[in-house]
Every structure is written in structure tokens, then in C-alpha cells.
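User: I would like to go through the wording used for this model and ask what each term rests on.
Analyst: Please show the structure, and we can take the terms in turn.

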There are 2 protein chains.
Amino acid sequence: MVEKKVDMKIENVVASTTIAKELDLSKLKKALPESEYEPEQFPGLVLRLDEPKTAALLFRSGKVVCTGAKTIKDVERAIKKVCDKVANAGFKVFKKPEITVQNIVASANLHAQLNLIAIAQAIGLEKIEYEPEQFPGLVYRLEEPKVVILLFGSGKLVCTGARKAEQVNEAIKKIIEELNAKRLL
Amino acid sequence: MVEKKVDMKIENVVASTTIAKELDLSKLKKALPESEYEPEQFPGLVLRLDEPKTAALLFRSGKVVCTGAKTIKDVERAIKKVCDKVANAGFKVFKKPEITVQNIVASANLHAQLNLIAIAQAIGLEKIEYEPEQFPGLVYRLEEPKVVILLFGSGKLVCTGARKAEQVNEAIKKIIEELNAKRLL
DNA sequence: CATATATTTATAAACCCCTTTATATATGTG
DNA sequence: CACATATATAAAGGGGTTTATAAATATATG
């Protein structure tokens, strides 16, 4: 078996952390006019950064969710910027907030057309969901690593649910091997 | 058997009484702007008090239902306030309306996790209802005292249907003894 | 015409779902 | 071209779910 490098690209990293003991979001909204805060619609305040291009959700509890980053490094840079903005707005924030990556979304290309109907039949309903008139992708739930792969007829795929980049590679390798074994690729 | 004091808290007392021979709710609504009266939606007029924090439902017949009180004393204070407000609005009201407690809702904590599935199996369907996907609590109907206990996996419970605080204590003691006897606690 | 439900109020417990953000994929509809 | 459709994920509120209980109306079945 030839072990080729998986042609994968991380598209989105979602992470959470706690930057302060608590935050007065109404006061923060006034200090940061570029932010969005509509408590009756959603309890978090939305703060978008241009660089790294991300969106942070800040909560009354001091917890923060960062989405949109393409690397872990960018998540850290984004959260650092959020902390600085909040600190400059007159709030006390933690110096080294511990960041937890909650989800990594990646895309990849198998460089071969896929017969999704054949794949759905060969692998079975326990792990697969495929309803083309509802959504063109085939949903494949892997147990180890515990991620979800969306397979498309074009051979492109999306992997979501991973917490580490390596899990994305593992998952894609598994899919490739299974498709090869069943001569579906 | 060690007779420990039950860790119980009354959360709501519902009581009814008659404060006048009859009431013109439309006139009362005008005299008490803070009240709510939408006869096509519900025949009673709703009057909320801040202290004691309660809600009273007044009917054309002069009957009144008081909800939200945490003690019998507060029910009395609330109904006294309602009578005063109605009297000040120019209505004739009874001096000493006889109050009947109709329902007492209480919460308690057994301070131990509960295996609701095991409890449901051990006690049986005649007295128990447990449909976790519909509601997380197990419904236990006691015949004496005639109350209903909602048991939760956390060990916390809700007792409703009692007319006297002592019935709440009796019911909880019975539940504890039964769970102990069946080694479910 | 007689029972049933529904309406409303309060209250605890603990679950569910939804709200919002980002992101690739690829279909369909307006 | 802009939306849903579908996936995962955290955050915190809101809503709904269940139980009992009175009151007085309106509908609805038997």
C-alpha cells in the first residue's frame, strides 16, 4: 500500500477559552462599536477581527468562542487580540487564557469521481446517511477518530468534528482505504 | 432507622378564597391598571403583587385564586393586599375571607444520584411513569399522602399535590424508606 | 345535555431544541 | 446571486416538556 500524503486543508478551527471572570457585555458593546450585541436574539457579543479573519463570541461569564481561524496559531493570535481590545476597553482580563480546540473543519480531494449510491449500499445505513434530494453529500460517521465526513460525487470531501489536525489525516486515510478495499475508488 | 429531618423547601402555595359576593372585572381593570384582564382569553383578572411575590386570579363570582407564595402566611398577606386594593377601588369585600390551601409544591434533595431506570423497574408501572425522552423526571404517584413526586437523576425531587406541609415531609420520608429498602438509594 | 378538554397563574426539577459564529462541499429554489 | 439543505463545535438564554391545584368561560366529543 502506497502511503501518499493526504491532500487536506484546514478550513476552520473553533476554539473556546475564558478571558475574564465576567464581562459586562452592554458596557463592552459601547466601548467596541464594531461589535454586535443583541441579547434578545443571542446572549453572546460578536466581535469580528480582520486579521486573523475570525469571529469571536464573548459571553457574560467571561467565556469566549473563536471561529474562522485556519490554524491553531491564528486562534491564539485572535484571542490575544480580543483580550487586548477588551482590556483597552477598561476590563480586567486573564493574562494567559487556556485555549481548547473544539472542532476542526477540513476539506480534501480524492481526485476521482465517486458513485455515492454504490458507496451507500456497500457501507450500510449504520454509518451512512445519503439523501441526495435533501443534500448532495453523503454523510459518513467514523467512530475512530470520531469525526464526520461529507463525501461528494466530485471526489471532494469535508471532515468535521476533529479536535486535532492529525485526526483529520487519520480519518481521510481510513476512508480512502475502505473505498479502495471495496473498489469504490 | 435514623429519623433525619427532611431537607425540604416549599416553592409554591396555591390557595383559593372568596373575597366578595361578586366583582365587576371590567370596572376593576380600569381601577387597577396594573392588572391584566382579557375575558376572551381567560375569564379571570390577573393581579400580580411584588410583595409577597404572587399572582392572584379574581373572578366575577368574587372567588380568588392566589399562586406563587412560599408560605401560608404569605398567602394570607397577599389576599389581604388584594382585598385592600379591591376595596380601595370602591368595591365591597368580605372582612375575613376563608382561605383554603389547594396545593403545595416543594423541592427536596436526597443528596445521592438516582438510577431512575432501576427505580422504574423495581417499583412498577402502576405507580410510576418514566419517559426520559419526553421528560427527564420519573413520576411517582403516592396514595397516602396523595401527592405526586417527580424524581430526578441528580437526587433532587419535586413534590406536588399536598395540602399541608406535613404531607410533603411524610411523602419524602416514604420515598426515602422505599428507596432504602430496595437499595436504590 | 352531560362530561370532557382548553384557556390562565405559580413553582421546582432537568432535559430537549433553537438562537449565533465560521467553514468547506454541492444541489435546489427564488 | 443569495439563500436553505447538511456537518461539528463551544458559549448562555429562551422556549418547551411534566406534576398538582383552584377559579369560570369556551369549545368539543359522547
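Analyst: Before the surface is sorted by class, the classes need fixing: Ala, Val, Leu, Ile, Met, Phe, Trp, Tyr, Cys and Pro count as nonpolar, Asp, Glu, Lys and Arg as charged, and the others, Gly among them, as polar. On that basis the surface near DNA strand D has 20 nonpolar, 12 polar and 12 charged residues; please keep in mind that this is a predicted model.

User: What makes a residue part of the surroundings of DNA strand D, and which residues are the closest?
Analyst: A residue is near the strand if one of its heavy atoms lies within 4 Å of it. In this model 44 residues surround DNA strand D, and the closest are A:Arg60, A:Ser61, A:Arg141, B:Arg60 and B:Arg141. Of the strand's atoms within 4 Å of the protein, 66% belong to sugar or phosphate, while the rest belong to bases.

User: How do you know that the side chain of B:Gln134 makes a polar contact with a phosphate oxygen of DNA strand D?
Analyst: The cut-off for a pair of N or O atoms is 3.5 Å, and an N or O atom in the side chain of B:Gln134 is 3.4 Å from a phosphate oxygen of DNA strand D, so the pair falls within the limit. For A:Ser61, a polar side-chain atom lies 2.5 Å from a phosphate oxygen of the strand, and for A:Arg141 the distance from a side-chain N or O atom to a phosphate oxygen is also 2.5 Å.

User: Why are β2 and β7 of chain A said to stand at the edges?
Analyst: The open sheet has 10 strands in the order β2-β3-β4-β5-β1-β6-β10-β9-β8-β7 (chain A), with antiparallel pairing. Within it, β2 (36–37) and β7 (128–129) each have a single partner strand, so one side of each is left without a neighbour in the sheet.

User: What makes β9(A) and β10(A) a pair?
Analyst: Pairing requires at least two bridges, and 4 bridges join these antiparallel strands, so the requirement is met. Across them, A:Leu150 stands opposite A:Val158 in β10(A).

User: Why is B:Asp74 called buried, whereas B:Glu126 is called exposed?
Analyst: Buried means under 20% relative accessible area and exposed means over 50%. B:Asp74, which lies in helix α2 (residues 72–88) of chain B, has 17% and is therefore buried. B:Glu126, in the loop between α3 (116–123) and β7 (128–129) of chain B, has 64% and is therefore exposed.

How values were computed. Residues are numbered from 1 along each chain as its sequence is written. Chains are lettered from A and ligands numbered from 1 in the order in which they are written. This is a predicted model: local features need pLDDT of at least 70, side-chain atom pairs count only at pLDDT 80 or more; totals for chains, interfaces and linings use all residues. Side-chain values use heavy atoms; hydrogens and water are left out. A polar contact is a pair of N or O atoms within 3.5 Å; within protein, one must be able to donate a hydrogen and the other to accept it, and residues adjacent in sequence count only if both atoms are side-chain atoms. Helices (H or I, at least four residues) and strands (E, at least two) are DSSP runs, numbered from the N terminus. Buried means under 20% relative accessible area, exposed over 50%, partly exposed in between (1.4 Å probe, protein chains only).
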